[in-house]
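Student: Please take a close look at one strand in this model, and describe how buried it is, what it pairs with and where the chain goes from there.

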Amino acid sequence: MYILQRTLTFFRGFLTSYGPPAIKKKICDKDFSSGKWDFIDNTAGDCVYSHLERFAQGGDILDLGCGPGNTANELSADVYRSYVGVDISEAALAKAVKRTTENGRSEKNSFVCSDFLGYAPNKEFDIILFRESMYHIPYGQVLEILEKYSKSLKKSGVFVVRLFAGDHRPGKIKYRVQRKLDLIKREFDIVESRQYDTPGFPTVLVFRPRHGS
């Protein structure tokens, strides 16, 4: 039974990363509608917020894979001018829009239903955020996706990646995640890199394309 469950979990994860957008959307909508991800609805105090506050500079944020709108509603409203959240799940975005309306941020926050791998921004941003969504980018596409979105960064803009480098086992590092982090560190100019010594080793990378890239 354990092996079967592990196999199903792996296959589901494979589809959410490599599957066609219609399949990914169906899986994500089902998960958010069923309440499977309700536990992530409140992440106030997350380590990523202090980094975002330092680099937002009262500017514009693009959040790729925004889920139920945590960043849009938990980040201090006075540190950014505008926010665009992109997610493939309509169910997640319905939560995000509801929270935004309740918080009086409808003029600052907007949301787009799209697979962020294929999304095409129509403006430049001070921050482009991959909050957990980097998990869903296949290793072979990481540089391609970052190069694509580099064109939508302002001259002084930065990428911010936030994810867990470890899992529930004390001291256990996720090889696939660490491999992506190492790739980014090799290919980009790192502005900040911090791994927090708390369960799961939450990690934040702030970086820019190299000069001339």
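Tutor: What follows deals with a single strand, its pairing and the path onward. The model is predicted, so local features need pLDDT of at least 70 and side-chain atom pairs count only at pLDDT 80 or more, while totals for chains, interfaces and linings use all residues. Residues are numbered from 1 along each chain as its sequence is written, and side-chain values use heavy atoms, with hydrogens and water left out.

The part in question is strand S2, residues 80-87. Strands are DSSP runs of E with at least two residues, helices are runs of H or I with at least four, and both are numbered from the N terminus. S2 is mostly covered, with seven of its eight residues buried (under 20% relative accessible area with a 1.4 Å probe, protein chains only).

S2 has strand S1, residues 59-64, as one partner: the two pair in the parallel sense over six bridges (pairing requires at least two DSSP bridges between the strands). Within this pairing, Val-84 of S2 is the bridge partner of Leu-62.

Strand S3, residues 109-113, also pairs with S2 in the parallel sense, over five bridges. Here Asp-87 stands opposite Cys-113 of S3. Between S2 and S3 the chain passes through helix H5, residues 90-102, in a right-handed β-α-β crossover; right-handed means that, with the strands pointing away from the viewer, the path from the first strand over the helix to the second runs clockwise.

Technical notes. Buried < 20%, exposed > 50% of the residue type's maximum accessible area, 1.4 Å probe, protein only.
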